[in-house]
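Student: Can we walk through this model together? I'd like to start with how the helices pack.

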Amino acid sequence: QAASAEMIQRAEDILRIEIQCKSSKISYIRRKEELDSRSLRDYFNWDLAKKILLKYSRSCFKAGTYYSMEELKQQEQFHSSKSRQQNALSKMIRAISQVGSIQNAREKLAGCGVVLKNVLPKIPVKLSKEQFSRNCSLLTMLNINPVIIPRDWKIPRLESIATLIEQVFET
């Protein structure tokens with residue numbers, strides 16, 4: 001069944017997060033948080049939800065604003081880094097975008113490297129895991145997420161998901 005226009009409008013700007021926990025995770029939380037029972041009532045606690053959701057969102061979502069490649073090129077903080085550094089960051093971001101994930105890019109760049117497509121001449125990129133980590137840290141300091149918004153989304157920027165989740169708990 002297709003969603004009505006009203007339902008789509010009501011869902012705008014809503015981020016839905018679903019968490020599934022197996023028995024071992026529930027037991028771990030119960031022990032760690034010193035809960036008396038396995039009753040759902042104990043787990044539906046605002047402070048506990050906040051603590052767990054913030055912990056996992058910080059580990060799942062990289063910090064920094066997401067940008068389209070076009071928007072990133074216009075960002076002042078990106079241009080504030082040295083040109084050599086900016087070039088290295090740009091190549092790494094393009095490699096992440098091309099490979100599809102940060103983890104896969106880290107492995108490929110540290111291994112055989114990545115040849116960037118859609119540029120002439122084709123550019124080979126190779127980074128050690130240490131260089132990759134340093135570049136990711138620099139991007140975090142610049143508040144830039146290394147994941148690029150696809151061109152066909154037609155969205156120039158998105159705030160960090162982790163930041164949005166943190167803001168919910170601050171209000």
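**Helix packing and the sheet**

Tutor: Helices H7 and H8 cross in a right-handed sense; that is, the near helix is turned clockwise from the far one by less than a right angle, while anticlockwise would be left-handed. Helices (H or I, at least four residues) and strands (E, at least two) are DSSP runs, numbered from the N terminus.

Student: What kind of model is this, and how are residues numbered?

Tutor: This is a predicted model: local features need pLDDT of at least 70, side-chain atom pairs count only at pLDDT 80 or more, and totals for chains, interfaces and linings use all residues. Residues are numbered from 1 along each chain as its sequence is written, and side-chain values use heavy atoms, leaving out hydrogens and water.

Student: Where is confidence lowest, and where highest?

Tutor: pLDDT is the predictor's confidence in each residue, from 0 to 100. The protein chain averages 86, and 99% of the residues score at least 70. Helix H6 (residues 76–79) is lowest, at a mean of 75, and E1 is highest, at 94.

Student: Back to H7 and H8. At what angle do they cross?

Tutor: At roughly 115 degrees, and the axes of H7 and H8 (residues 102–110) come within 8 Å. Axes are lines fitted to C-alpha atoms, for helices over the stretch in contact, and angles run from 0 to 180 degrees between N-to-C directions. H7 and H8 are therefore roughly perpendicular. Angles under 35 degrees count as roughly parallel, over 145 as roughly antiparallel, 65 to 115 as roughly perpendicular and the rest as oblique.

Student: Which residues meet there?

Tutor: From H7, Met92, Ala95, Ile96 and Val99; from H8, Ile102, Asn104, Ala105, Lys108 and Leu109. Contact means heavy atoms within 4.5 Å.

Student: And how do H4 and H10 pack?

Tutor: H4 (residues 46–60) and H10 (residues 161–170) sit at about 165 degrees, axes 10 Å apart. They are therefore roughly antiparallel. On the H4 side the contact includes Trp46 and Leu53; on the H10 side, Ile165 and Phe169 are among the residues.

Student: New topic. What order do the strands take in the sheet?

Tutor: E4-E1-E5, in an open sheet of three strands with mixed pairing. Strands E4 (144–149) and E5 (157–158) stand at the edges, each with a single partner strand, so one side of each has no neighbour in the sheet. Two strands pair if DSSP finds at least two bridges between them.

Student: What is the bridge partner of Tyr66 in E5?

Tutor: Leu158. E1 (residues 65–68) and E5 pair in the antiparallel sense over two bridges.
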